[in-house]
Amino acid sequence: MSPIPRRSLLKAAAVAGAAAQFSWALGAQDAVAAPAAEAADADPVVLDWLEDGGLGAAPGSTLGVPWPMGAFQEDQTFALTDAEGKDVPVQSWPIAYWPDGSLKWTAHAVGAGTGKLTLAAGTPAAPDRKVTVDKRGGTVDVSTGVITVKIGKDGASLIKSVRRGSTEIAKNGRLVLIRQPEIEDEDQGTVRTERFEGAIGDVTVEQEGPVRAVVRIDGRHRKGGRSWLPFSIRLYFYAGADSFRMVHTITYDGTQEPGKASGDFIRGLGVRFTVPMRDEAYDRHIRIGGEGTGLLREAVKGITGLRRDPGAAVQAAQYAGDKLPDPATWDQRVTTRLQYIPEWGDYTLSQLSADGFTLRKRTKKGYGWIGAGGGRRASGFGYVGGASGGFSFGLRDFWERHPSQLDIRDAHTDAAEVTLWLWSPEAQPMDLRFYHDGMGQDTYAEQLEGLNITYEDHEPGFGTPYGIARTSELLFWANESTPAPDRLAEQVEAVRVLPQLAAPPGQLIKAKVFGPGLYAEPDRSTPAKAKIEDHLDFLFTYYKDQVEQRRWYGFWDHGDIMHTYDTVRHQWRYDIGGYAWDNSELSPDLWLWFAYLRSGRADIFRFAEAMTRHTGEVDVYHIGQWAGLGTRHGVQHYADSAKQQRIANTTYRRYYYFLTADERVGDLMHANVDSDETFLALDPLRKVRTDPYTPDRHALSVGFGTDWSGLVSAWLTEWERKGPKWEKAKARVLSTMETIAAQPNGFVQGSGLYDLDTGKFAVATTPVVGVSHLSAVFGLNELCAELIYLVDMPEFNDAYFDYCRYFNATKAEQKARYGSDFGSLLLFQGHSRLDAYAAVQTGDAVLAARAWTKFYSSDGYMESSPWRTQEVSGPMALVAGSEASWVSTNDTALYGLAAIENLALLGDKMPS
């Protein structure tokens, strides 16, 4: 090992084992890193599925794979092989670059695979049946080699037809919206509704094969002269697949005013297809998913259970979904009376809560419904068709995103209709009105008093849902005949858990992505390390169980968790201001993603995935005056008046995007590139400023912590992706880094006046101490670790290391360095990870020791904390379960990140 300059330490660091990437000589003038293993950089990567079973019935899977800096150039091609060395067709493309132009992340799409797959440099195999896209004419035609889908370019029909061979399986795929213009809070009044249909605005082919094609459709829901509720649909196709995937996003732009009964209340929101029915009624089959892989398996005209028996073979064939023999061969006592057997054309499965679904059917419109069963949690899967072909369909997170519903209509006619309701029309209207009347909080002074009692930062007119969004995922199959039960079960499983390929943690660590050195694979080699691993497992398991016990489900809620527990009521404070929904406060998103990065655990990935889908859509405004800002924690996800960068933070989206290449999350990150403009629209400190301040384009007050970390993450991501504004984004990254470093007190200065046109902070002439306990807990440390690795700027490094060094220092030390102490601070345990990072970067053994001291004995969770749950049941609680009344989400996020990062950075320097 040889000494290297301090500013280059992280660039030269190498993986030195699962427990810790770094082998530092702490206390030396120049810290030393283990040399990089040159031959390992471009090694093949073994990919595996998050869950057992491989691709199953899903159309395909796409993943992101990181590479060490300099390993591959932009024109590199990749090949994929299975465990037996056979070629697997793969389509690859770059999704991020290192500053030197080499590949940082590549995306890879596959349409087949069951076990582990090996990715390496090479020439990709071509699929036997390629995806092709024909954009000529009035439709966009996509063929997978098995099915052909015609996509409309205008009008209301998004999908004109779905064909398998010469057989049309489905047609007229469209979006349905039911608006209820008035909501009745009591049991009087007349309910009126009106139906809107999605109208295509733009169609864009984003990928054209050979393994994967993506088509994007944007538009609005329209009826007559009114268009509202913008939608963005992406359709995904894979080579050789008999299915396709839909990612469906709506952005709410209606009006709902608190205290008023009239408004734009969504009564139903769905995706609808027409399914041609060609078979005889007794050869038409209905399949509706129940619990697990359970199915209702029926025919439109059933010939089982009759008074007269057509024959055991005939009955078995109908139940199996096979084409029946000619009725002339049946028992004629049945054949001559077929016309007297009812034909059941309509079916509805309704999931109005996370705890129950009901299923009913009727012969046709105008006639009575009869119950057909029910249960707790339906899979969200259905099928209608027959021996000559049929259409399977499914809505992911069906019961988790209640109220949801599946409808089959007119299956007894030549054209059945299926609707997947993302919001069930049988549920109450979607009521997004703010939840209270303001209680007299008309002035800033009154609002601050309210903050001091409920922790809610209220301001009239700010608790609006205008501009929030929600994304849903759907799957569709074009079957050549009614699938066998095993195949149907595979389709159900694909709907419930969409198969996902993944690179192993070791590759992420070796590539030095997401903050080099900040995470390492779990290590239980010593009692102290094992105890922290146990604590991390306890916390994740507890939150996963609380989601279930407390029913943190629903269309707008699924994916979020609560902020603080009420120990008296044995309940999370779901109804108390800023203590309710968490909305990314203190970065639980980062805790979950870092937990996944180091472990590769599927359950953690799925939890983090749901949170990313939620926090990036529901907690953030996408249109309107606050587009680009998110909302602070509260009783409703949009209720609080603190609309800030820290919640819209691109950092929270980066992990899911780079691990999956998800285009929708990519949209969200790109949309934030110009979010520095939001500081013109809203001053985040307007209620607490003591000096006059008017937002000025050339002198905007922007904090170096929660504000800048959100901005720079968007700029960094756009730069890495080489997005449309990457050059501007790169310039913003560098100019803000330079001008923060040039401040008299660097990061400790707290904030600066930012010029939107130059992308620079004005350098203050007077040193100021402006430190907040919140500045670094919304991803600042993780972003700075990435920036310091990417950008050679010693002055910035020193400014950040100083901030890390002095936050947890004594007041006397702070005053000696800056002329003033930092005042009353908290969150020392969470900030111990800053101590650890700076200790490694500067080779400071004293700072390394302090990191563990602050981790173990400052605030947050202690070794002496209970680390167990207690049982709760009636009459103390609504449902029986468990509680850990000492747990809060703030402490959990900070402990989780500090534990993960401290173990990675200083695992070999733990106190004995």
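Buried here means under 20% relative accessible area. Keep that cut-off in mind as you click around this predicted model, and start with Gly-703: at 14% relative accessible area, Gly-703 is buried.

**Stop 1: Gly-703 and a long reach**

Select Gly-703 and you land in strand S33, which covers residues 700-703. Now add Leu-878 to the selection. Between the two C-alpha atoms there are 43 Å of space, and along the sequence Gly-703 and Leu-878 are 175 residues apart.

Try another pair: Met-277 and Glu-84. These two are 193 residues apart in sequence, and their C-alpha atoms sit 43 Å from each other. Met-277 is in the loop between S17 and strand S18 (284-289). With a relative accessible area of 5%, Met-277 counts as buried.

**Stop 2: zoom out**

Show the whole chain as a cartoon. You have 21 helices and 37 strands on screen. The radius of gyration is 29 Å, close to the 29 Å that the globule rule gives for 912 residues, so the chain is as compact as a globular protein of that length. Turn it along its principal axes and the C-alpha trace spans about 100 × 70 × 55 Å. If you color by accessibility, 60% of the 912 residues come out as buried.

**Stop 3: salt bridges**

There are 75 salt bridges in the structure, and a few of them make good stops.

Begin with Arg-179 and Asp-264, whose side chains form a salt bridge with N and O 2.6 Å apart. What does this pair tie together? Arg-179 belongs to strand S12 and Asp-264 to strand S17 (residues 262-276), so the bridge connects parts that are 85 residues apart in sequence. Both Arg-179 and Asp-264 are buried.

Next, select Asp-355 and Arg-376. Their side chains meet in a salt bridge too, at 3.2 Å from N to O. Here both ends are in loops: Asp-355 between strand S20 (346-353) and strand S21 (356-362), Arg-376 between strand S22 (370-375) and strand S23 (381-386), with 21 residues separating the partners. Buried or exposed? Neither label fits Asp-355, which is partly exposed with a relative accessible area of 35%. Arg-376 is partly exposed as well, at 39% relative accessibility.

Now go to Asp-534 and Arg-524. The closest N and O atoms of this salt bridge are 2.6 Å apart. Asp-534 is in helix H7 (residues 527-549), while Arg-524 is in the loop between helix H6 (505-511) and H7, so the pair ties together parts 10 residues apart in sequence. Asp-534 is partly exposed at 42% relative accessibility, and Arg-524 is partly exposed with a relative accessible area of 42%.

For a busier view, select Glu-51, Arg-245, Arg-396, Glu-473, Arg-606, Glu-609, Arg-613 and Asp-662 together. Salt bridges with shared partners join these residues into one network.

**Stop 4: a negative patch**

Switch to a surface view and pick Glu-182, Glu-184, Glu-186 and Asp-187, which form a negative surface patch. Click on Glu-186 and you are in the loop between strand S12 (167-182) and strand S13 (194-208). Glu-186 is exposed, with 66% relative accessible area.

**Stop 5: backbone oddities**

Go back to sticks for this one. Most residues other than glycine have a negative phi, and most peptide bonds are trans. The next four places go against that pattern.

- His-402 to Pro-403: this peptide bond is cis, with omega near 5°. Pro-403 is in the loop between strand S24 (389-395) and strand S25 (404-409).
- Gly-874 to Pro-875: a cis peptide bond again, with omega about 5°. You will find Pro-875 in the loop between strand S36 (870-872) and strand S37 (881-883).
- Tyr-455: phi is positive, about 70°, although Tyr-455 is not a glycine. Look for Tyr-455 in the loop between helix H4 (444-454) and strand S27 (469-479), where it is partly exposed at 27% relative accessible area.
- Asn-583: not a glycine, yet with a positive phi of about 50°. Asn-583 is in the loop between strand S30 (571-572) and helix H8 (588-599). Is Asn-583 buried or exposed? Buried, with a relative accessible area of 0%.

Definitions and conventions
Residues are numbered from 1 along each chain as its sequence is written. This is a predicted model: local features need pLDDT of at least 70, side-chain atom pairs count only at pLDDT 80 or more; totals for chains, interfaces and linings use all residues. Side-chain values use heavy atoms; hydrogens and water are left out. Patches are made of residues with over 30% relative accessible area and no salt bridge: like charges are joined within 9 Å, nonpolar side chains (Val, Leu, Ile, Met, Phe, Trp, Tyr) within 5 Å. Accessible areas come from the Shrake-Rupley method with a 1.4 Å probe; for residues, only the protein chains shown count as cover. A salt bridge is a side-chain nitrogen of Lys or Arg within 4 Å of a carboxyl oxygen of Asp or Glu. Lys and Arg count as positive and Asp and Glu as negative; His and the chain ends are not counted. The place of a charge is taken as NZ of Lys, CZ of Arg, CG of Asp or CD of Glu. Helices (H or I, at least four residues) and strands (E, at least two) are DSSP runs, numbered from the N terminus. Buried means under 20% relative accessible area, exposed over 50%, partly exposed in between (1.4 Å probe, protein chains only). The radius of gyration is taken over C-alpha atoms; the globule rule is 2.2 Å times the number of residues to the power 0.38.
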